[in-house]
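Please open the model in your viewer and keep the selection tool handy. We will go from stop to stop, picking a residue or an element each time and looking at what surrounds it.

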Amino acid sequence: MEHFKVNEKDVFFILKNQLNYGSLCELDRYRELDEDTLDMLVTEAVKFATAEIEPLQEIGEQWGVVFEEGQVRCAPEFREAFKIYGENGWTAAARDPEYGGQGFPHMMRIVINDLMYGAAQSFNMAPSLAHGAAHLIESFATDDLKERFVPKMFGGEWAGTMALTEPGAGSNLAATRTVAFREGDHFKIKGGKIFISWGDHDLTENIIHLVLARIKGAPEGVKGISLFIVPKLNVLPDGSLGDPNDVICTGVEKKLGLHASPTCSLSFGDNDECIGYLCGEENRGLAHMFQMMNAARINTGVSGMTLASTAYQNALAYAKERIQGSDVARRKPGYIPIIDHPDVRRMLLWMKAMVDGMRSMIYTGAFWADLALELDEGEEKKHYQALVDFMTPIIKAYCSDMGFRVCETAIQCLGGYGFCKEYPLEQYLRDAKIMSLYEGTNGVQSMDLLGRKMRINDGAPFKTFMAEIERFIEKNMDHSILGKDVQSLSEATRRLGKVAGEMSDRAGADPLQWASYTYPALLCFGDITMSWCLLDMAIIAQQAMDDGKKNEFYTGKLMQATYFAGVTLPLTMARLDTCIRKGREIVDMPEGAF
């Protein structure tokens, strides 16, 4: 049974009506493109995801990952799909043509991942990681290393990973113990990494690991970490493959979900023969790696959202077909489709609003990222960079958590069948759970948001974010149809600003109490951003209806916005009060009392 479902009208409404993404083609980097070309890319991505990637979901789940005699094997179909993915340009669609990219706007990478992750989450992690690793090399390595590695990674011949985590260094990368020993024009790497997604496999003839390590004699802590390019097989100067590079997979994790994605423990340099090449500047490895880490955080939010999207679409299709029970108001005789039951409609409407709002939030952040990267130096560029900085932990944490909740709700819509493997929803739920743990847990993201993101550049990210919402509110406060809901958003936004300010003050004076409530505060930021995005789409839809384009699609945009704002913002206001309560139970509870 085909599991992947996406509403293309929803995708294009955000891209075209809300964001006017064709305006990116006015930037110098994209002058040779136009909106029709961007539209074509999205349409082709839907086709490719449906025809080539969607079948891999079931194949991968059945095959899993085989680890025998130190070798990792995946479903044979994955190998061909990875190659075609690269050859057709999907891996490097948004990268520069110099090394094999297609030159599309950066945000198109997010749109492509939305579709490919929804079709087969486990598989799409492989080309996504290859892209991120290759882009790090493209950004920071020497020209020689770029030419040696990047084209084959972008082209689907070689894969890539980000190798950060160690047994004693998870979120705390300052504790990294992998060591790099200087040896001529390269380094010898020695150490171990764990939880490396797609750390070993047989999809490609080589895997290029981007490894964090400390050069022998470098300072302790994050200031002494460097970034290295470490191939599984040595790559000779002419680009041909040499001997194995003393990189060994020592184990593969058995996981709740993502069964087709090998999560590996890797050993580097057991025989003192592991060669690595410095990528970027010495002792700047963590700063360089943040490019890939921040992209991965956004893509974690994308994964949560797109799994939620296809879960909702599957639940909706089921609810229209499943006949069960009688109409509670006796409007219809006999038994009725369950979409007619109010409680099912409640769940469907909430999921619809969540999915559309999260997709709008993510696409908006991606649009801002393009402006931050491609505008000329100046205040406007700084404005969008500040917005991206602030939105990154919100997108990562909120969309990963709410994506899981949507998958849970979709199962509830199906009743007992939702719990069965006959339908894809239980796999979505299992696969989605990891997203709140990846790339820094959501609690870590909340401390970043309510801590560093409130302080840097004299609070510019927070101030810019608030100003952006306030401009929307001021413009639409008196809207004839949606004015009341915008006013509710205004009240919640004002309260959010006061609470965030008070929490920021508390961070220095009472850090334990502050850290106890950063996560619920992040959820409040997410709720308010969602309400803003949904109301923005509703206002656009209302204008279309005023212009004579009345249909159920636009009606849906209005109703999802008024419903979400009406039932969520009152809860957000209450949660904001809890964020600054005086009770200290979390801090003061004796360990033995838990």
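Start by selecting R430, which counts as buried because its relative accessible area is 13%, under the 20% cut-off. Keep in mind throughout that this is a predicted model. Now show the side chain of E61 as well: E61 and R430 form a salt bridge, with 2.9 Å from N to O. The two partners come from distant parts of the chain, with E61 in helix α3 (residues 55–63) and R430 in helix α11 (residues 425–433), 369 residues apart. Next, add K421 and E426 to the selection. Together with E61 and R430, these residues are linked in a network of salt bridges. Across the structure there are 35 salt bridges.

**Along helix α14**

Move on to R495 and D577, and display both side chains. They meet in a salt bridge, the N to O distance being 2.8 Å. R495 belongs to helix α14 and D577 to helix α17 (residues 552–579), so this pair ties together parts that are 82 residues apart in sequence. How exposed is R495? With a relative accessible area of 26%, R495 is partly exposed. Its partner D577 is also described as partly exposed, at 42%.

Stay on helix α14, which covers residues 483–509, and click on R494. This residue is exposed, as its relative accessible area is 52%, and the cut-off for that class is over 50%. For a sense of scale, draw a distance from R494 to K254: their C-alpha atoms are 46 Å apart in space, and the two residues are 240 apart in sequence.

**From helix α17 to helix α16**

Return to helix α17 and select R575, then add D527. These two form a salt bridge whose closest N and O atoms are 3.0 Å apart. D527 sits in helix α16 (residues 518–546) and R575 in helix α17, so to speak a link between distant parts of the chain, 48 residues apart. Is D527 buried or exposed? D527 is buried, with a relative accessible area of 8%, whereas R575 is partly exposed at 27%.

**An arginine without a salt bridge**

Side chains of opposite charge can pair when their charged atoms come close. With that in mind, select R297 in helix α8 (residues 285–321). R297 is buried yet has no salt bridge. Which side chain of opposite charge is nearest to R297? That is D448, 5.2 Å away, and a salt bridge needs the nitrogen and oxygen to be within 4 Å. Show the surroundings too: setting aside neighbours within four places in sequence, R297 is in contact with F290, T392, K396, E439 and Q445.

**Strand β6 and its partners**

Now switch to a cartoon view and colour strand β6, residues 206–215. How many residues of β6 are buried? Ten of its ten residues are buried. Three strands can be picked out beside it, one at a time.

- Strand β3 (residues 158–163) pairs with β6 in the parallel sense over six bridges. To find one point along this pairing, select M162, whose bridge partner in β6 is L210.
- Strand β4 (residues 179–183) also runs parallel to β6, and two bridges join them. Here V179 stands opposite R214.
- Strand β7 (residues 225–231) pairs with β6 in the antiparallel sense over seven bridges. Look for L210 again, this time opposite I229.

While you have β7 on screen, select F228, which lies in that strand. F228 counts as buried, with 0% relative accessibility. Not counting residues up to four places away in sequence, F228 touches a list of residues including A180, F187, H209, L210, V211 and Y277. For another long distance to draw, take F228 and I338: they are 56 Å apart in space, C-alpha to C-alpha, and 110 residues apart in sequence.

**Last stop: N124**

Finish in helix α6 (residues 121–140), where you will find N124. N124 counts as buried, at 0% relative accessibility. What does N124 touch, leaving out residues up to four places away in sequence? Display Y85, N113, M116 and Y117 to see its contacts.

Terms used: Residues are numbered from 1 along each chain as its sequence is written. This is a predicted model: local features need pLDDT of at least 70, side-chain atom pairs count only at pLDDT 80 or more; totals for chains, interfaces and linings use all residues. Side-chain values use heavy atoms; hydrogens and water are left out. Helices (H or I, at least four residues) and strands (E, at least two) are DSSP runs, numbered from the N terminus. Buried means under 20% relative accessible area, exposed over 50%, partly exposed in between (1.4 Å probe, protein chains only). Two strands pair if DSSP finds at least two bridges between them. Lys and Arg count as positive and Asp and Glu as negative; His and the chain ends are not counted. Contact means heavy atoms within 4.5 Å.
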